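Take a look at the structure below. The walk-through after it goes from one helix to its surroundings and then to a loop.

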Amino acid sequence: MKLSQYNYKLTPDMLAKYPAENRDESRLLVLDRKTGKVEHKIFKDIINYFRDGDVFIYNNTKVFPARLYGNKEKTGAEIEIFLLRELNAEQRLWDVLVDPARKIRIGNKLYFGDDDLLIAEVIDNTTSRGRTLRFLFDGDHEEFKKALFSLGETPLPKWIREKVEDIDAERYQTVFAKHEGAVAAPTAGLHFSKHLLKRLEIKGIKAAEITLHVGLGNFRNIDVEDLTKHKMDSEQIIIEQEAADIVNEAKDKNKRICAIGTTVMRTIESSVTTQGRIKPVTGWTNKFIMPPYDFSVADSMVTNFHMPLSTQLIMVSAFAGYDLLMDTYNLAIKEGYKFGTYGDAMLIL
């Protein structure tokens, strides 16, 4: 497969600038992989496609306020910092993206907040845009994290809106978010309301929670035409024994397993055994799924409509089939579905 095969014309009016008024009332396109049949539903209708004993696997990562604005020493030039991940808690080391990167060099000091609440020193150039910062702070780690996150804002992708609004603090977060560490929301999970989760529970549909802390690997641009040469950035994953047991028991009983989003699919496929069961894991994954690929765990998935040339689009094509998925995207465009983070959803069976 070549990167150029995943291009399509995306116009600004196709992108959702705001979430649906109610989480579970976005549109839902249902695609049957075997027959090619397409149905047009509302998201909360998803309950009708599953039965007692089936399992939904959710990513319970929590987005932290990763975008900060500060000033460079001496010149006072405005600098935007995007926190990626903490490298060393004791030394206050963080991997970050910097904009504009060309003005920031090793040894520069950056100042954040009123009265320079935080000061950071650039100690390494990791990529053309990336840097490693050492934050200078006298308090303990909890006090430092509190100060750091108090200065940050919700890392809403700028192609949605330039300005973060009050609604984003709640809606750019799933209702089951628990473990802080993501710089972007696992978007398929944004469609679930507490009410829908309760209805699923009453019907007997089980919930298994895993964690993938969404990082740069999830949205870095692919810069090679030959997809076999693309390397994903590593992201932290956690699967507890309880979640593995729920999924494996359902597999043993031939129940349907639904991965809620591409991050879930990557996580479970990173910990699968030769028997198609998942095992507990605490570690990292840089798994890049592209066609052809034999999925071992989930037999259905929920996903949003993804950007052209993205790793998410490529993965979903491996699950649905390339030709069928691209035909379905063309149909979704004609039918006025909204694309992107706050957009509509697709259920692939």
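What follows covers a buried helix, its packing, the nonpolar cores and one loop residue.

This is a predicted model, in which local features need pLDDT of at least 70, side-chain atom pairs count only at pLDDT 80 or more, and totals for chains, interfaces and linings use all residues. Residues are numbered from 1 along each chain as its sequence is written, and side-chain values use heavy atoms, with hydrogens and water left out.

Start with helix α6, residues 311–320. Helices (H or I, at least four residues) and strands (E, at least two) are DSSP runs, numbered from the N terminus. Ten of the ten residues of α6 are buried, so the rest of the structure largely encloses this helix. Buried means under 20% relative accessible area, exposed over 50%, and partly exposed in between (1.4 Å probe, protein chains only). The buried residues of α6 pack against β1 (27–31), α5, β16 (300–304), α7 (322–334) and β17 (345–348). Gly 321 follows α6, with a positive phi near 100°.

Now take α5, residues 262–269. Its axis lies 10 Å from that of α6, at an angle of about 65°. Axes are lines fitted to C-alpha atoms, for helices over the stretch in contact, and angles run from 0 to 180 degrees between N-to-C directions. α5 is therefore roughly perpendicular to α6; that label covers 65 to 115 degrees, while under 35 is roughly parallel, over 145 roughly antiparallel and the rest oblique.

Which residues meet? Thr 262, Met 265 and Arg 266 in α5 touch Gln 312, Met 315, Val 316 and Phe 319 in α6. Contact means heavy atoms within 4.5 Å.

Met 265 leads on to the interior. Leaving aside neighbours within four places in sequence, Met 265 also contacts residues including Ile 289, Phe 295 and Met 301. The largest nonpolar core has 48 residues, and Met 265 is among those with the most contacts inside it, with Ile 57, Ile 268 and Phe 339. Such a core is a set of buried Ala, Val, Leu, Ile, Met, Phe, Trp, Tyr and Cys residues joined through side-chain atoms within 4.5 Å. α6 supplies the largest share of this core, seven residues. Another core, of 25 residues, lies apart from it and includes Ala 66, Leu 84, Phe 144 and Leu 148.

Finally, turn to Leu 156, in the loop between α1 (141–151) and α2 (166–171). Leu 156 is buried, with a relative accessible area of 1%. Its C-alpha atom is separated by 9.3 Å from that of Ala 66, 90 residues apart along the chain.
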